There are 2 protein chains.
Amino acid sequence: MSSTVDAVRGHIVESRHRVSAAVTDPDGKLVAFTGESDLVTYWRSCAKPIQVLPLIEDGGADALGIDDAEIALACASHNGEPRHLAVATSLLEKAGCTEEDLACGPHPSLSPAVAREMAERGQKPRKLHSNCSGKHAAMLALARFHGWPTEDYRKPEHPVQRRLLREVATWTGVDEARIGQGVDGCGVVSYAMPLRNMAVAYARLGVGFRVEGVAGENPHTLPPTPYTPAHRVLRAVTAEPFLIAGTGRLCTEILSSSNGTVFAKVGADGVYCAALPQARLGLAMKVEDGDMDAARPALLALLEILAPGAVRVADSFRSPVIRNTLGEEVGHLAAKVSLERT
Amino acid sequence: MSSTVDAVRGHIVESRHRVSAAVTDPDGKLVAFTGESDLVTYWRSCAKPIQVLPLIEDGGADALGIDDAEIALACASHNGEPRHLAVATSLLEKAGCTEEDLACGPHPSLSPAVAREMAERGQKPRKLHSNCSGKHAAMLALARFHGWPTEDYRKPEHPVQRRLLREVATWTGVDEARIGQGVDGCGVVSYAMPLRNMAVAYARLGVGFRVEGVAGENPHTLPPTPYTPAHRVLRAVTAEPFLIAGTGRLCTEILSSSNGTVFAKVGADGVYCAALPQARLGLAMKVEDGDMDAARPALLALLEILAPGAVRVADSFRSPVIRNTLGEEVGHLAAKVSLERT
């Protein structure tokens with residue numbers, strides 16, 4: 001079954017975005033799909049909730065006194081709003097680091113409104129404003145806790161990145177050697193793998209997956225313990241939906257409106273993943289061409305199939321209007337999405 | 001045969017843009033294609049070189065003393081650089097109009113560099129900066145010449161737009177009633193039709209096509225007269241390649257480097273058309289998802305097949321580099337384009 005998001009001008013489809021998605025359970029079974037469930041692409045920022053787990057599992061979060069807000073920010077692709085900066089700063093302090101230690105590059109806020117306000121105030125984005133500054137601060141904290149150097153923490157050969165790769169392999173069920181690697185927008189490793197495996201990691205995140213021993217293709221899944229590091233991540237983001245994105249952002253709206261029954265996380269270039277803990281499902285989707293404007297309506301249409309009525313967000317997310325330079329409504333985006341059950 | 005432009009990160013394709021194209025001769029024969037040659041989409045700014053023809057044909061250009069620079073600007077999707085504004089102003093003056101009469105909305109320059117410079121100077125874009133201000137000024141001139149009101153010239157029912165629709169039907173070979181209509185980014189009518197018919201118009205533009213009588217599905221093509229309005233358009237844009245786009249823009253680079261043997265014109269949302277007068281061919285292409293960054297490499301790859309070596313532009317147009325927030329090269333766009341001859 002094919003799924004698209006169409007850009008409609010007047011009554012005619014002008015452009016078309018193709019969507020692939022995989023839905024799995026925590027054991028790796030493909031439950032539903034559209035397009036290519038095994039499409040290989042980069043996980044981008046959807047990896048963040050997995051990348052923060054070693055800090056909790058290895059004991060660093062407790063040892064350094066890292067709180068839920070800081071855990072949530074480590075999972076975030078945030079807007080760089082004042083509270084995001086404050087939490088990033090406090091996480092850096094607990095790691096004994098400063099903004100200077102961050103390896104991420106600056107960029108205008110992911111929120112056009114925040115970016116415009118900053119530009120109008122003549123305020124230039126700094127490293128701390130990077131949507132990934134929480135993830136980077138958590139990487140620095142992991143290095144400090146283990147006594148590893150903080151220099152070059154973003155490089156694939158650094159112990160931080162080797163530890164994170166192992167974690168990604170465990171949760172996705174993809175052997176380390178088979179995980180593709182590229183450089184992300186913020187300068188650290190980005191992981192490439194099939195959508196299906198991204199979905200597995202989110203299904204597992206939702207149920208607090210715990211695995212003993214070394215990660216492999218099919219790690220043996222133990223029953224979840226009463227409280228796992230994954231539970232802590234879910235508790236943190238659910239308690240702090242603003243921190244994982246920010247004002248006017250879809251990830252924040254989904255978490256807030258669903259009371260944590262749906263945790264969706266944006267990647268870049270048209271990727272979204274979501275955990276649906278109650279349904280014991282994980283979702284991974286990609287707009288083939290990487291368009292982010294099309295990704296939001298596609299995600300919402302997929303979630304509506306998987307958890308009808310669970311997410312309540314404005315129509316402007318589901319079917320955004322296209323306006324011209326006069327401000328007139330000249331078209332809209334229309335998601336035409338279906339899932340085939342396997 | 002399928003054609004794509006792939007966004008490659010590291011060594012892995014991250015996103016994919018699908019490309020459709022049609023190549024025809026002036027009589028409407030499909031000579032080559034890739035993807036869907038009959039894909040219906042909007043012509044957007046590729047219509048401009050046809051939309052200026054009535055001003056020349058009906059005698060307005062001569063009567064009002066409109067020169068080649070002004071004709072070129074009427075065909076332009078320009079950057080809003082000082083010379084573009086000067087020529088737009090002089091065209092408005094010859095029409096007895098002012099910037100206030102323009103119906104187009106303002107927007108930041110199509111050139112990121114020009115847009116950045118204007119923002120840094122605190123200079124807000126005006127109507128005159130609109131990439132379409134030359135087209136709008138020519139529409140006002142057409143209204144003045146015919147004694148039509150200038151008010152509401154952008155509306156489909158205005159005599160200006162009725163005249164232009166007739167011209168579009170003549171050149172594309174699509175009956176007026178079958179041309180789809182939407183509202184363009186600048187507020188005037190945008191035309192929807194199969195790529196194949198867009199290509200026909202450009203093939204005809206290249207050979208100075210002249211037709212007698214009323215336009216129909218298959219207008220009878222007469223041998224070109226020694227000098228037609230289409231010849232004047234081609235002479236104007238070839239003499240003034242800067243005016244049709246501007247600094248750092250592909251349309252300008254193609255015209256300059258090919259000495260006018262290739263006239264390519266950008267539309268919006270992934271559309272390009274080109275006239276290759278010596279080969280008596282017209283080309284129309286669309287990136288399915290509307291991505292403009294992918295459209296440039298796709299166009300250049302198609303032109304290289306149709307006119308090997310004719311266009312000399314920087315590699316940054318053919319295979320643009322993708323950089324991260326640290327300025328590092330993390331990937332590139334790769335056009336994989338082929339044409340099937342019919």
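Here are three short exercises on a predicted model with chains A and B.

**Exercise 1.** Describe the interface of chain B and chain A: how many residues touch, and how much area is buried?

*Solution.* Start with the contacts: 38 residues of chain B meet 38 residues of chain A. Next, take the area: the two chains bury about 2,900 Å² between them, with 46% of it on carbon and sulfur atoms. On the side of chain B, the residues that lose the most area are B:Arg9, B:Glu14 and B:Thr325, together 21% of what that side buries.

**Exercise 2.** Find out which polar links join chain B and chain A, and which strand supplies the largest share of the side of chain B.

*Solution.* Begin with the salt bridges: the count between the chains is six. One of them pairs B:Glu328 with A:Arg154, whose closest N and O atoms are 2.5 Å apart. Then add the polar contacts, found for 24 residue pairs across the interface. Now look at the strands of chain B: S2 (12-24), S4 (40-42) and S5 (180-183) each supply at least two residues to the side touching chain A. The largest share, seven residues, comes from S2(B). Finally, sort that side by type: twelve residues are nonpolar, 14 polar and twelve charged.

**Exercise 3.** Is B:Arg318 buried or exposed, or in between, and where is its salt-bridge partner B:Glu304?

*Solution.* First, check the bridge: the side chains of B:Arg318 and B:Glu304 meet at 4.0 Å, N to O. Second, place the partners: B:Arg318 lies in helix H13 (residues 315-318) and B:Glu304 in helix H12 of chain B, 14 residues apart. Third, judge exposure: B:Arg318 has 24% relative accessibility, so it counts as partly exposed. At 32%, B:Glu304 is partly exposed too.

Technical notes:
Residues numbered from 1 in each chain as written. Chains lettered and ligands numbered in written order. Predicted model: local features only at pLDDT ≥ 70, side-chain atom pairs only at ≥ 80, totals over all residues. Heavy atoms only, no water. Contact = heavy atoms within 4.5 Å. Buried area = accessible area lost by both parts, 1.4 Å probe. Polar contact = N/O pair within 3.5 Å; in protein donor to acceptor, adjacent residues only side chain to side chain. Helix = DSSP H or I, 4+ residues; strand = E, 2+ residues; numbered from the N terminus. Nonpolar A, V, L, I, M, F, W, Y, C, P; charged D, E, K, R; others polar. Buried < 20%, exposed > 50% of the residue type's maximum accessible area, 1.4 Å probe, protein only.
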